[in-house]
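Student: I should like a close look at the salt bridges of this protein. Please place them in the setting of the whole fold and of its aromatic pairs.

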Amino acid sequence: MRSWVCLLLIGLCVCERADILDHDRSIEVANVSQHQMSSADRGSADQSHVVEEDVVQDVESGGEDAEPEWLLQLEDLLFSGAPSEQNKATAIEGLQLLYLELIEQLPVISPKRRLHHFAAQDSSASEEDDNVDPTELLDTEELASAADATFMLAVLAATGIATPHVALDDSWAVKALHAAAQGGSPEANLALADRYFMDDGVPGNCQEGLRRARIVADEYVIVTEGSASPELPLEPVSLRQRHRQGSYEDQPGEDSWIQLQLEAEMLNFGDGIERMMGYRQLLGHDLEADPAAALQHFQAAAAQGDAYATFNLGYMHMKGIGTQANATAAKASFEIAARQGIPSAFNGLGVLYFEGAGGGSVDHAAAREAFVSGSQLGDPDAMFNLATMYAGGHGVAKNHSLAHVHYLDAHDAGHWRAPHALAIAHQRGLGVQPNCTAAKEYIQTFIRERSSWSEQMDEALLAVDAGSEWLALMRYAVVAVQGSAVAQTNLAWLLERSSAYDRQQRSEMCLRLLSQAAQGGLPDAWVDAGNIQYGNQQPGEAARLFTLAAEAGSIEGLYSLGWMHAVGQGVLRNRGRAAELYRQAMDQAPDWRHAAPPVVALLLLPFLSAWQWLQPMSSAVFGLQVPGKPSVEGAVGKHLRVPAFSGSVQCNICFILQD
């Protein structure tokens, strides 16, 4: 099996222009007084973390020189491990003053994301976009801090985690998100995009959601093109799943995808140790980063016939890493590596032919042939570049249908940019019928992979493990409001177990988050919501939520609904229907651990007296403890807990370690 590690993308850059449209909005100035902290809150605060009043005074004065410092102080307060109530109140007051400053400026200006540099490089945009006057794209630096502060207020209002300083008020949160987005906040645009997709607090409008998502996604393309590692992030940890497992091993942290590959390579490296050392020195892993020294290691390995080192050597010559850029030397190395069967070497040759590098003329026919060869060998960059040739009509007749086929191949192979290209194709009807729903799914995939959500949730998990409840709540809330279903369930999981809120507050906050997560693709969230409603003495509503989970294919939903029918809670008692639901859960179970709970329940179904043994609604069996319901722990054991799932990690290939 080949182990691949990616450093830099070799590929053509044919960028789609962002939809730079000025959708002026009439932003209603909300009554901030409902979110102001009370003097009683200040007076009762812990005095051990008191912030100087100069922080708020700096906000009120609006001094430009002080702005970065005091904004950082406000953020430090909100994102500290255990801020006092006084510090929370002080920070929120500062955010509210920034919000008012933003509202005062919005009627005067019409800020836009600064994407004109991106649009200017894009030759494939529509004529409508070409008519945009770059001089109208106003610099929004002076509004960035106010927009970020307004987004933070929207997060607090949408989730209610800062109650009583900022009340749970989704209507006000929507207004604040519009203001923050108009002020240039990418996070606010993503939050609004998700709401338009989900018909949540705003009228459902797929096209408007897609427009807002594209504003941010198109900018991510620029950032990632210039990054050194467009690898896909690890799957975020679900607190719900981790709790059910009963044991947990930390997921690797930052850059660990490289470390994991390197450690695996050590078992089999043999003569590839020179390449190993070159790679470590190139990236600065356990050694000081030294591209020139890395180049020497790759040269030594290439001289020994190491095909992967030969490719790496060609790439460094192509990009001028550790040496002067030399297209001729790059081509020679790529040709050797290609003869040795390295797929990405064909892509490298294709790029050189396409660009006419090394003093040669542009040769689209040779480029296409190289991309075809690389594609046939499974190189995702070659697949993407072949699609780009057909989409742009470079050396071939423009054919969006063929481009779409190759974009799909690249997507299946794990190319980081393919979801973005496919979203545009479905949005504009390029090679396929226009389909906003499909475009939405692709753009959401791209945003999940390219945004900072993964890093923020890693930090939240560290806070959970460190016992910093408030910091974990803040981290998850920021991502949850932007539309991450995993962050929404994690935030609900923390809130349900928090002692900082009363039962009614927890219930209201959790039910909203779980509804969002379920509609965002996690049907088991309906089960958690049903458990909450059962605990609220609402069995009819619990049964309705379990039905939604079951209809969405949740094994836990089928099991829980079966129990409700078995004992007549929220629905009429019907043991036949209960048995049917248990069997459906068994049939859909991917392994014995998922199948065991409904099997046990089905076996015990004829014995009504045995129902006291069964935990309603997946409690101990599925790892959830609901007050007032007996435990099945003793009946079936901890080993029946459902394990967590994690998806495989793929990345497009550039620097390769071994086969």
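Tutor: The answer below begins with the overall fold, turns to the charged pairs, and ends with the core and the aromatic rings.

The model is a predicted one. The protein contains 32 helices and two strands. It has 659 residues, of which 54% count as buried. About 27600 Å² is exposed, and carbon and sulfur atoms supply 49% of that area. Among contacts between residues at least 6 apart in sequence, 64% join residues at least 24 apart.

Now to the charged pairs. Side chains of opposite charge can pair when their charged atoms come close. In this structure there are 16 salt bridges. One of them joins R512 to D200, with the closest N and O atoms 3.3 Å apart. R512 belongs to helix α26 (residues 503–519), whereas D200 sits in the loop between α9 (186–198) and α10 (206–225), so this salt bridge ties together parts that are 312 residues apart in sequence. The two partners can be compared with the 20% limit under which a residue counts as buried. R512 has a relative accessibility of 23% and therefore counts as partly exposed. D200, with a relative accessible area of 14%, is buried.

A second salt bridge is found between E208 and R212, where the closest N and O atoms are 3.0 Å apart. Both residues lie in helix α10, and they are four residues apart, about one turn of the helix. E208 and R212 are both buried.

A third salt bridge pairs R475 with E459, and here the closest N and O atoms are 3.3 Å apart. The pair links distant parts of the chain, 16 residues apart: R475 is in helix α24 (residues 469–481) and E459 is in helix α23 (residues 453–465). R475 is partly exposed, with a relative accessible area of 21%. E459 is also partly exposed, its relative accessible area being 37%. Elsewhere, salt bridges that share partners connect D170, R195, D200 and R512 into one network.

Helix α23 deserves a further look, since Q456 also has its place there. Q456 has a relative accessibility of 16% and so counts as buried. With residues up to four places away in sequence left out, Q456 touches R475, V478 and V479. R475 is thus a contact of Q456 as well as the salt-bridge partner of E459.

The nonpolar interior comes next. The largest nonpolar core has 164 residues, and those with the most contacts inside it are F151, I161, Y476, L491 and L495. Y476 can be followed through its contacts. Apart from neighbours within four places in sequence, Y476 is in contact with L239, M457, A460, L461, V464, A487, N490, L491 and L494. L491 therefore appears both among the contacts of Y476 and among the core residues with the most contacts.

Helix α4 (residues 85–105) leads on to the aromatic pairs. This helix has 21 residues and reaches 31 Å from its first C-alpha to its last, close to the 30 Å expected at 1.5 Å a residue. Of its 21 residues, 15 are buried, so α4 is largely enclosed by the rest of the structure.

A pair of aromatic rings is described by the distance of the centres and the angle of the planes. The structure holds seven aromatic pairs. Among them is the tilted pair of Y99 and W172, with 5.2 Å from centre to centre and 55 degrees between the planes. Y99 lies in helix α4 and W172 in helix α8 (residues 170–182), so the pair ties together parts that are 73 residues apart in sequence. Y99 is buried, with a relative accessible area of 0%. W172 is likewise buried, its relative accessible area being 3%.

Y559 and Y582 form another tilted pair, with 5.8 Å from centre to centre and 45 degrees between the planes. This pair links distant parts of the chain, 23 residues apart: Y559 in helix α29 (residues 555–567) and Y582 in helix α30 (residues 575–588). Y559 and Y582 are both buried. Finally, ring pairs link F311, Y315 and F334 into a cluster.

Definitions and conventions. Residues are numbered from 1 along each chain as its sequence is written. This is a predicted model: local features need pLDDT of at least 70, side-chain atom pairs count only at pLDDT 80 or more; totals for chains, interfaces and linings use all residues. Side-chain values use heavy atoms; hydrogens and water are left out. A salt bridge is a side-chain nitrogen of Lys or Arg within 4 Å of a carboxyl oxygen of Asp or Glu. Buried means under 20% relative accessible area, exposed over 50%, partly exposed in between (1.4 Å probe, protein chains only). Contact means heavy atoms within 4.5 Å. Accessible areas come from the Shrake-Rupley method with a 1.4 Å probe; for residues, only the protein chains shown count as cover. The expected span of a helix is 1.5 Å times one less than its number of residues. A nonpolar core is a set of buried Ala, Val, Leu, Ile, Met, Phe, Trp, Tyr and Cys residues joined through side-chain atoms within 4.5 Å. Rings of Phe, Tyr and Trp (its six-membered ring) pair if their centres lie within 6.5 Å; planes under 30 degrees apart count as stacked, over 60 as edge-to-face and the rest as tilted.
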